[in-house]
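Subject: Structure for you to look over

Hello,

Here is the structure I said I would pass on. Please open it next to this message; what was found in it follows below.

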Amino acid sequence: MPSYREGGGAPVQESPNIIMDEAAIRRALTRIAHEILEKNKGIEGCAIVGIRTRGVYLARRIAERIREIEGSPIAACELDITRYRDDRPLVDGASVGVVCSDGDRSFDVKDKRIILFDDVLYTGRTIRAAMDALMDCGRPQSIQLAVLVDRGHRVLPIRPDYVGKNVPTSKHEQIEVSLTEIDGDDRVMIKHPREAEIGG
């Protein structure tokens with residue numbers, strides 16, 4: 001059914017390739033926030049660590065939702081895993097460590113319950129690299145995993161604790177996550193092989 005722009009006018013045709021719109025992403029993040037609180041019985045000793053790039057913004061949004069629910073802040077940090085990836089060349093000057101949103105580079109992961117956040121879970125290699133990077137920063141009490149989209153096709157035995165949406169895909173399809181902070185809007189799209197080739 002077509003939707004209409006606010007104030008009337010011509011209907012806005014939703015792309016059939018959009019599997020999550022702004023409202024769906026918001027609902028998924030709110031649900032994950034509640035699940036994190038339930039699983040950990042609150043936020044004491046917890047920190048949310050987003051994997052650069054989009055995982056960082058998702059982590060910050062989750063932290064804000066938890067603050068609204070609990071009335072208390074939770075640390076929201078970011079992790080650069082460039083030096084730990086086995087599928088990309090090493091970038092000179094790539095940093096190592098957990099950096100909090102306030103710029104604190106001395107954040108200690110030791111004995112913390114870390115909730116890693118990424119946008120899309122695929123083979124599991126990114127998460128393996130993130131865990132390696134975390135362990136080099138200290139020894140957390142536990143590491144939990146939250147993802148906005150799980151598309152399957154794991155090659156490593158990694159399973160998320162919190163999932164916004166499970167999306168069965170073929171290996172030839174692509175999942176594209178757009179976030180307002182860097183892309184101008186919130187949406188998750190699935191691109192089929194021909195669309196991925198022509199950038200459609």
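Three strands make up an open sheet in the order 3-11-10, and their pairing is antiparallel. The edges of this sheet are strand 3 (18-20) and strand 10, each of which pairs on one side only. Neighbouring strands here are turned by 30 degrees against each other on average, direction ignored. Strand 10 and strand 11 run antiparallel and are joined by five bridges. Within that pair, valine 177 stands opposite valine 188 of strand 11. Helix 1 packs on this sheet, where it touches strand 3 and strand 11. The direction of helix 1 makes about 25 degrees with that of strand 3.

Please keep in mind that this is a predicted model. Some totals for orientation: the protein has 200 residues, of which 44% count as buried. It contains five helices and 11 strands. The accessible surface comes to about 11100 Å², and 45% of that belongs to carbon and sulfur atoms. Of the contacts between residues at least 6 apart in sequence, 65% join residues at least 24 apart.

Now the six-stranded sheet. This sheet is also open, its strand order is 6-5-4-7-8-9, and the pairing is mixed. Strand 6 and strand 9 (162-166) are its edge strands, each pairing on one side only. The average turn between neighbouring strands of this sheet is 30 degrees, direction ignored.

Going through the pairs, strand 7 (residues 113-121) and strand 8 (residues 142-150) are parallel and share eight bridges. Leucine 121 has aspartate 150 in strand 8 as its bridge partner. Two helices pack on this sheet. Helix 2 touches strand 4, strand 5, strand 7 and strand 8, and its direction makes about 150 degrees with that of strand 4. Helix 3 (residues 125-137) touches strand 4, strand 5, strand 6, strand 7 and strand 8, and its direction makes about 155 degrees with that of strand 7.

Strand 4 (residues 46-51) runs parallel to strand 5, with five bridges between them. Strand 4 is also joined to strand 7 by five bridges, again parallel. On the strand 7 side, glycine 50 stands opposite phenylalanine 117. On the strand 5 side, alanine 47 stands opposite alanine 75, and isoleucine 48 has alanine 76 as its bridge partner.

How many of the six residues of strand 4 are buried? Six of the six are, so strand 4 is largely enclosed by the rest of the structure. Both of its faces are covered: Cys46, Ile48 and Gly50 are buried on one side, and Ala47, Val49 and Ile51 on the other.

For strand 5 (residues 75-79), four of the five residues are buried, so this strand too is largely enclosed by the rest of the structure. Strand 5 pairs with strand 6 (residues 98-100) in the antiparallel sense, through three bridges. In this pair, cysteine 77 stands opposite cysteine 100 of strand 6. The connection between strand 4 and strand 5 is worth viewing: together with helix 2 (residues 54-70) they make a right-handed β-α-β unit.

Last, the nonpolar cores. In soluble globular proteins, nonpolar side chains tend to be buried together. The largest nonpolar core in this model has 32 residues, and those with the most contacts inside it are Ile62, Ile66 and Leu148. At least two residues of this core are supplied by each of helix 1 (22-40), strand 4, helix 2, strand 7, strand 8, strand 10 (174-178) and strand 11 (187-191). The largest share, eight residues, comes from helix 1.

What is isoleucine 66 in contact with, leaving aside its neighbours within four places in sequence? The contacts of isoleucine 66 are Ala33, Ile36, Leu37, Ile43, Ile48, Gly71, Ser72 and Ile74. Apart from the largest core lies another, of 23 residues, among them Val49, Tyr84, Val98 and Ala129. Ile48 and Val49 lie on opposite sides of strand 4.

Regards

Notes:
Residues numbered from 1 in each chain as written. Predicted model: local features only at pLDDT ≥ 70, side-chain atom pairs only at ≥ 80, totals over all residues. Heavy atoms only, no water. Buried < 20%, exposed > 50% of the residue type's maximum accessible area, 1.4 Å probe, protein only. Pairing = 2+ DSSP bridges. Right-handed = clockwise from strand over helix to strand, strands pointing away. Axes fitted to C-alpha atoms, helices over the stretch in contact; angles between N-to-C directions. Contact = heavy atoms within 4.5 Å. Core = buried A, V, L, I, M, F, W, Y, C linked by side-chain atoms within 4.5 Å. Areas by Shrake-Rupley, 256 points an atom, 1.4 Å probe, with all protein chains shown as cover.
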